[in-house]
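The questions below take up helix packing, strand pairing and backbone geometry in turn. Each answer works towards the value or name asked for.

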Amino acid sequence: MVFDNVTITHRGARYEIGRGRDFYGIWATGTTRSHPLERWPETPEGWSAAWSRFTEIEAPGTIVPVGQRAGGLASGAGVSIGTSTGGLIAALLLAVGVAFGVAGLFPGYLGGVSLAQEWVELAPHIIYLVAWSLSAVLILLGGVRLRVGALIGLGMSIVTFGLFFADLGEVIAGGSHLMGAGLPLSLVGWLACTIGSALAFRLRPAGVQGRLGKLRGAELGPVGLLVLAGIGAAIAFAPSWDTYTLRTATASQSIAEGNAFSNPGPVIAGDIMVMVALALVVIAAALWRPIRHGAALLAGAIIPMAAQAISALIQVGEPTAPAQFGISSAQASQIGLTISNGVTPAFWIYCLCILVLLVSCAWMLFTPHQAVSADAPNADPSPNAETQGVWYASGSSLDDTGDLQSPPTGWQRGERGESDESDSDDAGQEDVHGEGLQTAPTPPA
């Protein structure tokens with residue numbers, strides 16, 4: 001509910017709490033929201049202090065999220081149903097895209113050769129389809145999983161756009177006779193998966209937040225390494241990866257192939273799109289909050305790029321026909337020609353950058369991130385409030401978004417002290433600090 005650039009998130013009998021322009025505040029219910037009664041800076045610490053003050057001054061048992069009635073009955077049930085329907089439609093679009101992608105594996109793709117005929121081409125496309133399928137399943141599960149699935153699918157779609165465009169560039173440069181039915185089927189599959197991922201991303205499951213944020217001091221080092229690895233992988237994608245050594249009884253020659261800038265113009269455009277998309281998605285993932293949702297976006301970008309490395313390694317293990325270098329089989333037999341495959345140093349640099357991205361993704365998912373609590377102006381927290389650092393991590397007891405929450409105070413843990421022992425007859429009364437409100441909810445976006 002928004003009034004004069006104020007978003008109210010929770011309301012009690014006398015007060016309500018929410019976010020204004022660059023601050024968190026508390027207002028009296030039923031009054032103008034031009035000026036809050038108290039305000040705190042728009043930081044996780046500020047939100048923790050604001051929530052502590054709000055639960056201190058509000059009547060027990062009256063605090064509910066805006067749009068929800070006391071007793072747990074959702075007054076916004078229509079919104080929830082709409083969100084579920086949107087998730088179902090998004091997952092269905094991804095399923096349709098995967099089906100088209102599977103259908104595109106078997107007809108001719110480029111030059112009359114299907115993807116299914118060559119493991120070098122088949123392997124990465126199978127990896128794409130498996131990742132989009134996983135995204136669809138997560139979206140169907142709803143809640144925070146919906147957001148994670150959407151981010152994985154969206155990262156996949158952004159990076160693979162350039163890869164599919166590069167394939168289409170072969171047709172644009174060489175003529176329509178090169179295109180088989182497999183390419184348009186795969187392109188339709190990519191489009192359906194992209195639309196489904198984007199639709200899921202636009203949904204706002206209850207309690208799930210997400211936006212670009214600011215870096216804190218402790219994050220600068222790991223995030224800087226992550227961004228450098230992303231840019232490094234993008235740069236290392238361009239040089240030649242493949243080496244071929246041609247040997248006869250009297251001579252040998254090494255040839256490097258695969259330089260992105262030795263291709264026709266439309267193919268070069270596709271490769272540049274891949275490089276730019278990878279760098280931008282990595283930067284966006286590094287800045288995304290909550291940070292473990294940024295890991296989902298990063299994973300979506302890593303998957304297709306790792307698939308390219310796997311494809312290159314498969315090619316190393318496959319025999320190379322002499323015809324690739326304009327030599328017939330008869331001539332090769334006559335001169336005793338042998339061909340061995342390898343990879344260039346640029347490929348190993350690329351693999352190292354991808355490995356750093358994977359480690360960074362794990363760091364974003366599983367490492368506890370600490371923010372030191374600070375005294376907020378105008379805050380008057382409970383006298384029993386603790387001032388230690390606030391930790392949050394995947395799999396902890398915090399909310400699904402992984403954002404900072406305030407540590408439970410002595411009052412919130414039930415440590416009421418001797419003065420409350422006489423109130424035992426009120427034990428059956430609902431406590432505002434009871435289950436579900438022991439810690440501050442996610443700060444409003």
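**Helices, sheets and backbone**

Q: At what angle do the axes of helix 6 and helix 7 cross?
A: In this predicted model, helix 6 covers residues 220-236 and helix 7 covers residues 265-287. Their axes come within 8 Å of each other, and the crossing angle is roughly 170°.

Q: Are helix 6 and helix 7 roughly parallel or roughly antiparallel?
A: The crossing angle of their axes is roughly 170°. Angles over 145 degrees count as roughly antiparallel. Helix 6 and helix 7 are therefore roughly antiparallel.

Q: How do the residues of the contact between helix 6 and helix 7 divide into nonpolar, polar and charged?
A: Helix 6 contributes V223, L226, V227, G230, A233, A234 and I235, which meet M275, L278, V282, I283 and A286 of helix 7. Gly counts as polar under the classification used. The division is 11 nonpolar, 1 polar and no charged.

Q: Where does helix 4 bend, and by how much?
A: Helix 4 spans residues 143-174, which is 32 residues. From first C-alpha to last it reaches 47 Å, close to the 46 Å expected at 1.5 Å a residue. There is nevertheless a bend in helix 4, located at T160 and amounting to about 35°.

Q: Which residue follows helix 4, and what is its phi?
A: Helix 4 ends at residue 174. The residue that follows is G175, with a positive phi near 115°.

Q: Which residues stand opposite R11 in strand 3 and in strand 6?
A: Strand 2 (residues 6-11) pairs antiparallel with strand 3 (residues 15-20) over 4 bridges, and a hairpin of 3 residues joins the two. Strand 2 also pairs antiparallel with strand 6 (residues 64-65), over 2 bridges. The bridge partner of R11 in strand 3 is E16, and in strand 6 the residue opposite R11 is V64.

Q: Which strands are the edge strands of the open sheet with the order 11-10-13?
A: This sheet has 3 strands with antiparallel pairing. Its neighbouring strands are turned by 20° against each other on average, direction ignored. An edge strand pairs on one side only, which holds for strand 11 (252-257) and strand 13 (338-343).

Q: What are the bridge partners of T243 in strand 11 and of T245 in strand 13?
A: Strand 10 (residues 242-247) pairs antiparallel with strand 13 over 6 bridges. Strand 10 and strand 11 are also antiparallel, joined by 6 bridges, and a hairpin connects them through 4 residues. In strand 11 the partner of T243 is A256, and in strand 13 the partner of T245 is S340.

Q: At what angle to strand 13 does helix 8 run?
A: Helix 8 comprises residues 291-317 and lies across strand 10 and strand 13. Its direction relative to strand 13 is at about 160°.

Q: Is the peptide bond from R289 to P290 cis or trans, and what is its omega?
A: Most peptide bonds are trans. P290 sits in the loop between strand 12 (288-289) and helix 8. The bond from R289 to P290 is cis, with omega near 5°.

Q: What is the phi of D22?
A: Most residues other than glycine have a negative phi. D22 is in the loop between strand 3 and strand 4 (23-28). Although D22 is not a glycine, its phi is positive, about 70°.

Conventions
Residues are numbered from 1 along each chain as its sequence is written. This is a predicted model: local features need pLDDT of at least 70, side-chain atom pairs count only at pLDDT 80 or more; totals for chains, interfaces and linings use all residues. Side-chain values use heavy atoms; hydrogens and water are left out. Axes are lines fitted to C-alpha atoms, for helices over the stretch in contact, and angles run from 0 to 180 degrees between N-to-C directions. Angles under 35 degrees count as roughly parallel, over 145 as roughly antiparallel, 65 to 115 as roughly perpendicular and the rest as oblique. Contact means heavy atoms within 4.5 Å. The expected span of a helix is 1.5 Å times one less than its number of residues. The bend at a residue is the angle between axes fitted to the seven residues ending there and the seven starting there. Two strands pair if DSSP finds at least two bridges between them.
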